[in-house]
Amino acid sequence: MKLNEKGLLVIISGPSGVGKGTIRKALFQIPDNNFCYSVSMTTRAPREGEVDGQDYFFVSREEFERRIKDNALLEYAEFVGEYYGTPLDYIDKQMESGKEVIVEIEVQGALQVQERIPEAVFIFIVPPSKKALIERLEKRGTDTPEKIKKRIEKAEREYSLAYKYDYIVVNDEVTNAADRIYAIIRAEHAKTERSIYKYYKLMEGKE
Ligand code: 5GP
């Protein structure tokens, strides 16, 4: 008999430009996964090809500030002049259904989640080198040089917070990084503190 465990809340975080989004997409390509993605809300404009409700919920500042006031966000942060946040209602629903909820957010937001839900799994993504990070931000071609500079400065400050996370995953190659995250999720399910009570119930014949 399989131990019946609730889905995990998995926070994929790290400085901008490390490839969090690409790793997350690769993670969803793993066959037979049980993941669902927490679509964030933002006030920034959609980039070419981005779809409302799929990549982000794109909203006005007024709408976002209303959500903050209504306590409808698990966390939020202002990043390079725009708001980003995680809607609470969706996460609750998915976790109850036993799915692994994957949240991809920047560092300030991840630390807020840690305060509220310490049992979530916190993964910090790092680039293979600083040079690789700068190249990635410049190649993206969607930000002005001033914005790129701000993102690099912010990344440098955020590296010092890596020690607060449960795991560090190097993004040397996207599929490798996604495989490591998958392995972390599987190992987390086997952690004694997550599964011992269910195991006791199983031994008592209650499950
Ligand atoms: P981008 O504008 O490049 O899509 O995202 C900028 C940063 O915001 C990225 O580091 C991304 O991970 C982060 N981000 C996306 N959604 C959220 C969210 O809901 N909350 C927080 N705190 N950060 C987010």
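**Exercise 1. A tyrosine and its surface patch**

In which helix is the place of Y199? Determine also how Y199 is classed by accessibility, and name the nonpolar patch to which Y199 belongs.

*Solution.* The structure is a predicted model.
Step 1: Y199 is located in helix α8, which covers residues 192-203.
Step 2: Its relative accessibility is 40%. Buried means under 20% and exposed means over 50%, with partly exposed in between, so Y199 counts as partly exposed.
Step 3: Together with Y197, Y200 and M203, Y199 forms a nonpolar patch on the surface. The accessible area of these residues together is about 500 Å².

**Exercise 2. Two domains and their interface**

State the domain bounds, then describe the contact between domain 1 and domain 2 and the area buried there.

*Solution.*
Step 1: Domain 1 consists of 1-34 + 99-207, and domain 2 of 39-97. The contact draws 23 residues from domain 1 and 17 residues from domain 2.
Step 2: Taken over C-alpha atoms, the centres of the two domains are 18 Å apart.
Step 3: The size of an interface is often given as the accessible area lost when the parts come together. Between domain 1 and domain 2 the buried area is about 1800 Å², and carbon and sulfur atoms give 60% of this area.
Step 4: The number of salt bridges between domain 1 and domain 2 is zero.

**Exercise 3. The surroundings of V39**

Establish whether V39 is buried or exposed, and list its contacts beyond the neighbours within four places in sequence.

*Solution.*
Step 1: V39 sits in the loop between β2 (35-37) and β3 (40-42).
Step 2: The relative accessibility of V39 is 12%, and V39 therefore counts as buried.
Step 3: With neighbours within four places in sequence left aside, V39 touches G53, Q54, D55, Y56, F57 and P87.
Step 4: V39 and D52 are 13 residues apart along the chain, and their C-alpha atoms are separated by 9.6 Å.

**Exercise 4. Two positive phi values**

For D32 and V80, give phi, and then find the place and accessibility class of each residue.

*Solution.*
Step 1: D32 is a residue other than glycine, yet its phi is positive, near 55°. D32 lies in the loop between α1 (20-27) and β2.
Step 2: With a relative accessible area of 79%, D32 is exposed.
Step 3: V80, also not a glycine, has a positive phi of about 45°. V80 is found in the loop between β5 (73-79) and β6 (82-87).
Step 4: V80 has 17% relative accessibility and so counts as buried.

**Exercise 5. Salt bridges**

How many salt bridges does a search of the whole structure find? Examine the partners of E156 and E188.

*Solution.*
Step 1: The search finds 13 salt bridges.
Step 2: E156 pairs with K130, their closest N and O atoms being 2.5 Å apart. Because E156 lies in helix α6 (residues 145-159) and K130 in helix α5 (residues 130-140), the pair ties together parts that are 26 residues apart in sequence. E156 is partly exposed, at a relative accessible area of 39%.
Step 3: E188 forms a salt bridge with K191, with a closest N to O separation of 3.2 Å. R194 also forms a salt bridge with E188, where the corresponding separation is 2.8 Å.
Step 4: E188 is buried, with a relative accessible area of 3%, whereas K191 at 33% and R194 at 25% count as partly exposed.
Step 5: Salt bridges that share partners also join E63, R66, R67 and D70 into one network.

Methods: Residues are numbered from 1 along each chain as its sequence is written. This is a predicted model: local features need pLDDT of at least 70, side-chain atom pairs count only at pLDDT 80 or more; totals for chains, interfaces and linings use all residues. Side-chain values use heavy atoms; hydrogens and water are left out. Patches are made of residues with over 30% relative accessible area and no salt bridge: like charges are joined within 9 Å, nonpolar side chains (Val, Leu, Ile, Met, Phe, Trp, Tyr) within 5 Å. Accessible areas come from the Shrake-Rupley method with a 1.4 Å probe; for residues, only the protein chains shown count as cover. A salt bridge is a side-chain nitrogen of Lys or Arg within 4 Å of a carboxyl oxygen of Asp or Glu. Helices (H or I, at least four residues) and strands (E, at least two) are DSSP runs, numbered from the N terminus. Buried means under 20% relative accessible area, exposed over 50%, partly exposed in between (1.4 Å probe, protein chains only). Domain bounds come from an automatic or database domain assignment. Contact means heavy atoms within 4.5 Å. Buried area is the accessible area (1.4 Å probe) that two parts lose on being put together, summed over both.
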